[in-house]
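Take a walk through this structure, one helix and a few side chains at a time. Keep the model in view as you read.

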Amino acid sequence: MIEEVKTAEEIAQDFTAMGHSVTLINEVIAGTQMADESAEDRQSCVDRNVEHLELMVAKDYWTDESMTAVNAAITAGKAYTAS
């Protein structure tokens, strides 16, 4: 496996993007985002963002970033069923 080398700025950008996914997952689940979209579209959005977070959490370049909110969003997203 090839180790991924990123600059501190790139790592910060990745962490920020993860935060956007966390927010979107939580807001879709809460009904404050995509409320007018179909259940299928909401489910797809949550599933895609959970997958993104799972891939990103597994990266080996994290140092002291807290993954608490990320892991909570993954858990909530996996339990979510749009209706």
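Val70, Ala73, Ile74 and Gly77 are the buried residues of H3 in this predicted model. Look down the helix axis. The buried residues of H3 fall within an arc of 105°, so they line one face of the helix. Now turn to the face pointing away from that buried side. Here H3 carries exposed residues: Thr68, Thr75 and Ala79. What lies over the buried residues? The cover for the buried residues of H3 includes helix H1, residues 8–30, and H2.

The helix itself has 12 residues. From first C-alpha to last, H3 reaches 17 Å, close to the 16 Å expected at 1.5 Å a residue.

Step back along the chain to the loop between H2 and H3, where Tyr61 lies. Is Tyr61 buried or exposed? Its relative accessible area is 8%, under the 20% cut-off, so Tyr61 counts as buried. Which residues does Tyr61 touch, beyond those up to four places away in sequence? They are Glu4, Lys6, Ile11, Asp14 and Met56. With Asp14 there is also a polar contact, side chain to side chain, at 2.5 Å. Tyr61 and Thr7 are 54 residues apart along the chain, yet their C-alpha atoms are separated by 9.6 Å.

Lys6 takes us to the other side of this meeting point. Lys6 sits in the segment before H1. In sequence, Lys6 and Tyr61 are 55 residues apart; in space, their C-alpha atoms are 7.5 Å apart. Setting aside neighbours within four places in sequence, Lys6 is in contact with Ile11, Asp14 and Tyr61. The side chains of Lys6 and Asp14 are joined by a polar contact of 2.9 Å. Asp14 thus has side-chain polar contacts with Lys6 and with Tyr61. Why does Lys6 count as partly exposed? Its relative accessibility is 26%, which falls between the 20% limit for buried and the 50% limit for exposed, so Lys6 is partly exposed.

Finish in H2, which spans residues 39–57 and contains Arg42. Arg42 is buried, yet it has no salt bridge. How far away is the nearest side chain of opposite charge? That side chain belongs to Glu37, 7.8 Å from Arg42. A salt bridge requires the charged atoms to be within 4 Å. Arg42 still has contacts. Not counting residues up to four places away in sequence, Arg42 touches Val28, Met34, Ala35, Glu37, Tyr80, Ala82 and Ser83.

Definitions and conventions. Residues numbered from 1 in each chain as written. Predicted model: local features only at pLDDT ≥ 70, side-chain atom pairs only at ≥ 80, totals over all residues. Heavy atoms only, no water. Helix = DSSP H or I, 4+ residues; strand = E, 2+ residues; numbered from the N terminus. Buried < 20%, exposed > 50% of the residue type's maximum accessible area, 1.4 Å probe, protein only. Lys, Arg positive; Asp, Glu negative; His and termini not counted. Contact = heavy atoms within 4.5 Å. Polar contact = N/O pair within 3.5 Å; in protein donor to acceptor, adjacent residues only side chain to side chain. Expected span 1.5 Å × (residues − 1). Arc of directions from axis to C-beta.
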